[in-house]
Amino acid sequence: MDNIKESFSIVQRISIAPMIDVTDRHFRYFTRLLTKKAMLYTEMITSSAILHGDRKKLLDFSPLEKPITLQIAGSDPKEIAEAIKIAEDWDYDEINLNAGCPSDRVSGNDMGASLMAYPDLVAEILSEARKATKKPVTVKCRIGIDGTSVLPESLPRVILDQYEDLSHFVKTLKDQGTEHFIIHARIAILAGLSPKDNREIPPLRYEDVYRIKKEFPDLFVEINGGIRTEDQIKSHLSQVDGVMIGRAAYEDAYLLSKVDALLPGETSSSPTRREVIENFLPYVAQFGEDKRTAHHALKNTLGLFHERPGSRLWRQLVSSSLHPDMTAEEVLRKALWELPKEILDERPMV
């Protein structure tokens, strides 16, 4: 347990949520140009994929992306432990178990949010995970689930949406050694709602997460869900230990330039948009005439000018990166020439 306790010497932290089809290597590289301190995550990777898939493709990352957490999904404790042992060669900073994804495809295979119906199993998974690595092991979950028509009929209850259910889940894991919880402050509805709807329709219940921190003050508690502004981040950090930013990380990418100044410790000044673009130039230049990969890299930058003058022009330029006469590098240089200089050179006020 000593290695886990070491990680909690961090007073507070801000993380960027794992998001399917978003938090890939290109996104993480771009994000690291905006924040050096935020914890980044891989996309969710199943333990089965690590055991049987293209490990290099799944697990490779640049040292520049660190600190970075590997998020694993699965329900077999031994399989997950074996996947973690394999991932040790990649030197991730943390391992996180996904117990919060509401997707039918995930929950219907006894992974993600459906695991909240089996706290003893989750505790066993996390216990086996800690045996497989010296890295900190964390869990990401929801405040509850409505698993009607998805979970087995043998379960005594399939609707676990009260605070007492969340408290029982947390206590069960805590008693077996789990110390770090990332909690999305909505329940997950496992039948009838898409993942997008599950991010928007169930009401946010931040007070439930605050209450967990008060009930279990020794735990490291991060809050997730609907957090989109600097003021919201500050407000949550006054109640819990950490904040996890989700969709706002790419819809309003420049928000991330304020992250480092919100955390304790020395920090350099936040980068301007010009500096971010100039530092991203060598990255996209490496793809040369491979415009498809370059376009995939550039899509992560669409929100860099969110609600600022030049936003429409920026999006038009970045979206045209498949133009046969322009490389991604040329797109960025054109943007630096045409976008409003005062917006390119402004620094965020924190």
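This report describes the confidence, strands, one helix and the internal spaces of a predicted model.

## Confidence of the model

The protein chain has an average pLDDT of 90, and 92% of the residues score at least 70. Residues 1–9 have a pLDDT below 50, and this stretch makes 15 contacts in the model beyond near neighbours in sequence.

## Strands E4 and E5

Strand E4 covers residues 68–73 and pairs with E5 in the parallel sense over 4 bridges. Two of the facing residues can be named on each strand. Ile72 has Leu97 of E5 as its bridge partner, and Thr69 stands opposite Glu94 in E5.

Other strands also pair with E4. Strand E2 (residues 40–41) runs parallel to E4 and is joined to it by 2 bridges; here Leu40 has Ile68 of E4 as its bridge partner. E3 likewise runs parallel to E4, with 2 bridges between them, and Thr46 stands opposite Ala73 in E4.

Burial is described next. In E4, 6 of the 6 residues are buried, and the strand is mostly covered. One side of E4 carries Ile68, Leu70 and Ile72, while the other carries Thr69, Gln71 and Ala73, and both faces are covered. E5 is also mostly covered, with 6 of its 6 residues buried. Glu94, Asn96 and Asn98 point one way from E5, whereas Ile95, Leu97 and Ala99 point the other way.

## Ala73 in its setting

Ala73 belongs to strand E4. Why does Ala73 count as buried? Its relative accessibility is 0%, and the limit for a buried residue is under 20%, so Ala73 falls in that class. Apart from neighbours within four places in sequence, Ala73 is in contact with Met44, Ile45, Thr46, Ser47, Asn98 and Met111. Ala73 and Asp252 are separated by 179 residues in sequence, and their C-alpha atoms are 28 Å apart in space.

## Helix H10

Helix H10 spans residues 206–215, and its buried residues are Tyr206, Asp208, Val209, Tyr210, Ile212 and Lys213. Which elements do the buried residues of H10 pack against? They pack against three strands and two helices, namely strand E6 (137–146), strand E8 (180–189), strand E9 (220–224), helix H8 (163–175) and helix H11 (230–237).

## Cavities and pockets

The model contains 2 cavities of 30 Å³ or more. The table sets out the largest cavity beside the two largest pockets.

| Space | Volume | Nonpolar lining residues | Polar lining residues | Charged lining residues |
|---|---|---|---|---|
| Largest cavity | about 40 Å³ | 8 residues | 1 residue | no residues |
| Largest pocket | about 810 Å³ | 14 residues | 10 residues | 12 residues |
| Second largest pocket | about 440 Å³ | 6 residues | 5 residues | 8 residues |

The lining of the largest cavity consists of Ile72, Ile80, Ile84, Ile95, Asn96, Leu97, Leu126, Ala129 and Val137. Helix H5 (77–87), strand E5 (94–99) and helix H7 (119–132) each give at least two residues to this lining. The largest share, 3 residues, is supplied by E5. Ile72 and Leu97, both in the lining of this cavity, are also bridge partners.

The largest pocket has a volume of about 810 Å³. Its lining comprises 36 residues, and those nearest its centre are Pro18, Met19, Pro195, Arg199 and Arg247. Two or more lining residues come from each of strand E3 (45–46), helix H6 (104–107), E6, E8, helix H9 (195–198) and helix H12 (248–251). H12 provides the largest share of this lining, 3 residues.

The second largest pocket has a volume of about 440 Å³. Among its 19 lining residues, Asp24, Arg25, Glu43, Lys57 and Leu58 are the closest to its centre. Helix H2 (25–32), E3 and helix H4 (55–59) each give two or more residues to the lining of the second largest pocket. E3 thus appears in the lining of the largest pocket and in that of the second largest pocket, and E3 also pairs with E4.

Key
Residues numbered from 1 in each chain as written. Predicted model: local features only at pLDDT ≥ 70, side-chain atom pairs only at ≥ 80, totals over all residues. Heavy atoms only, no water. Buried < 20%, exposed > 50% of the residue type's maximum accessible area, 1.4 Å probe, protein only. Contact = heavy atoms within 4.5 Å. pLDDT = per-residue confidence, 0-100. 1 Å grid on protein atoms, 1.4 Å probe; cavity = no way out; pocket = protein on both sides within 12 Å on 5 of 7 lines; lining within 4 Å. Points joined across faces, edges and corners; volume = space filled by probe spheres on them. Nonpolar A, V, L, I, M, F, W, Y, C, P; charged D, E, K, R; others polar. Pairing = 2+ DSSP bridges.
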